[in-house]
Amino acid sequence: MGLLRSVVLAGGGTGGHIYPLLAFADALRRHFPEVRITTLGSPQGMENELIPPAGYDLRVIPAFQLPRSINLNLLRTPDRMYKSAHAAGQILDEVQADVVVGFGGYVSVPAYLAAWRRELPIVIHEVNVPPGVANRMGMKFTKNIAVGFPTQPQQAESLRDARVVGVPLRTAITRMDRHALRPQALAHFGLRPDLPVLFVSGGSSGARTINLAVAGAAKNLAHAGIQVLHVQGGRNDPFEIPSDLPVPYVVVPYLSDMNLGYAAADLMLCRGGAITVAETTAIGMPAIYVPYPFSNQEQKRNALPVVEAGGGLLVDNAELTREWIERTVIPLARDPQRLATMGAAAGGYGRRDGDEALLDFVCEAVARR
């Protein structure tokens with residue numbers, strides 16, 4: 001690896017952009033303890049809650065939603081974008097950046113523009129198909145495209161020549177020994193060691209359909225001897241769980257330490273966000289994926305290859321009912337042999353080295369300058 005002195009990381013808005021950015025920043029710091037790491041974010045994104053506590057320098061620049069079609073907003077965009085790119089450029093000059101690594105989100109665009117004007121190397125990391133609008137724009141300025149999943153280059157023409165590096169994940173997850181951590185995790189949540197655990201999480205904002213379906217099946221799950229660890233998610237209405245269940249059903253509003261949930265679990269029920277899919281497959285967790293329905297189906301495209309590899313099941317949001325859980329989840333959760341086979345298949349699809357592989361790619365891009 002060549003020497004990196006100053007790296008600017010751009011990405012924000014949602015966890016899907018910020019978590020890989022943070023995992024990559026950690027890898028940078030491990031390999032280059034002296035490197036200067038500067039992150040660019042927007043005033044209102046989740047990055048303001050996540051990046052400073054992780055110990056990285058966050059600089060806020062104005063970011064604007066990019067219009068998806070040609071309208072009056074597009075006519076106003078150049079002036080606004082000029083201001084944003086100018087602000088990003090001042091930061092690149094001040095920190096004497098060697099490279100800009102972008103993870104998507106509107107704040108990446110001014111960073112790409114400013115780097116392109118300065119003829120600085122740009123590396124883009126994309127986890128979705130189709131690529132997000134900000135990264136699609138950035139691809140006009142660079143050939144250094146990295147992707148999180150092996151299927152992406154076949155799924156999107158714009159990603160045909162991309163390097164598959166995996167998704168940068170926190171070492172707390174990639175280096176976790178689930179078996180060793182399990183007793184501590186079960187004790188932490190007050191779960192029994194002798195019964196299977198279904199881990200339910202709809203992502204940071206939760207998922208109403210998932211919450212209501214599992215809560216509705218609570219009695220039957222409990223009577224089948226299946227414990228539940230249920231993350232409600234931040235923006236969700238509470239749901240009723242019967243109080244007289246024979247086995248534990250634990251509801252937590254939010255779980256910042258996902259590895260404890262993973263360590264306690266035998267089976268997961270979750271959305272199909274890129275980070276979730278990357279984490280479940282990296283640790284070999286058998287999962288039932290319920291892709292978010294109101295989008296361009298990227299969650300279904302994330303989860304489908306895992307399911308085809310034998311690492312999980314896929315169910316449409318509309319089909320996830322109490323009856324479906326009773327019919328499908330109960331027999332699966334009670335079949336350790338089938339769970340072990342699924343977990344091994346998931347692990348075979350997943351990668352634990354996304355942070356390191358992206359770092360190699362960035363070093364190559366800088367060396368080619």
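Q: In what order do the 7 strands of the open sheet line up?
A: This is a predicted model, and its open sheet is built from 7 strands with parallel pairing. Reading across the sheet, the order is β3-β2-β1-β4-β5-β6-β7.

Q: Which strands stand at the edges of that sheet, each with a single partner strand?
A: An edge strand has one side left without a neighbour in the sheet, because there is just a single partner strand for it to pair with. That description fits residues 57–60 and residues 163–164, in other words β3 and β7.

Q: Which residue of β6 is the bridge partner of I124?
A: Start with the two strands: β5 covers residues 122–126 and β6 covers residues 145–147. They pair in the parallel sense over 3 bridges. Within that pairing, I124 has as its bridge partner in β6 the residue I145.

Q: What angle does the direction of helix α1 make with that of β1?
A: Helix α1 spans residues 15–31 and packs on the sheet. There it touches β1 (6–10), β2 (36–41) and β4. Its direction and that of β1 make an angle of about 170 degrees.

Q: How does helix α16 run relative to β5, in degrees?
A: Helix α16 takes in residues 354–367 and lies across β4, β5, β6 and β7. Relative to β5, helix α16 runs at about 155 degrees.

Q: Is H31 buried, partly exposed or exposed?
A: You'll find H31 in helix α1. Along the chain, H31 is 328 residues from L359, yet their C-alpha atoms are separated by 9.1 Å. The relative accessible area of H31 is 35%, so this residue counts as partly exposed.

Q: Is D98 buried or exposed?
A: D98 sits in the loop between α3 (72–95) and β4 (99–102). Being in a loop doesn't settle the matter, so look at the relative accessibility: 6%. Since buried means under 20%, D98 counts as buried.

Q: Which backbone nitrogen does the side chain of D98 reach?
A: Leaving aside neighbours within four places in sequence, D98 is in contact with L4, R5, S6, L120, P121, V366 and R369. L4 is 94 residues away in sequence, but its C-alpha lies 7.0 Å from that of D98. The side chain of D98 comes to 2.7 Å from a backbone nitrogen, that of R5.

Q: How many of the 5 residues of strand β8 are buried?
A: V197, F199 and S201 point one way from β8, while L198 and V200 point the other way. Both sets are buried, so the strand (residues 197–201) is largely enclosed by the rest of the structure. The count of buried residues in β8 is 5 of the 5.

Q: Which residue of β11 stands opposite L198?
A: β8 runs parallel to β9 (residues 227–231), joined by 5 bridges, and there F199 stands opposite L229. β8 also runs parallel to β11 (residues 267–270), with 4 bridges. In β11, the residue opposite L198 is L267.

Q: Is the crossing of α9 and α14 left-handed or right-handed?
A: Helix α9 (residues 208–216) packs with helix α14 (residues 322–333) at an angle of about 65 degrees, their axes 7 Å apart. That makes α9 roughly perpendicular to α14. A213, V214 and G216 in α9 meet R322, I325 and E326 in α14. As for handedness, the crossing is right-handed.

Notes: Residues numbered from 1 in each chain as written. Predicted model: local features only at pLDDT ≥ 70, side-chain atom pairs only at ≥ 80, totals over all residues. Heavy atoms only, no water. Buried < 20%, exposed > 50% of the residue type's maximum accessible area, 1.4 Å probe, protein only. Contact = heavy atoms within 4.5 Å. Polar contact = N/O pair within 3.5 Å; in protein donor to acceptor, adjacent residues only side chain to side chain. Pairing = 2+ DSSP bridges. Axes fitted to C-alpha atoms, helices over the stretch in contact; angles between N-to-C directions. Parallel < 35°, antiparallel > 145°, perpendicular 65-115°, else oblique. Left-handed = near helix turned anticlockwise from the far one by under 90°.
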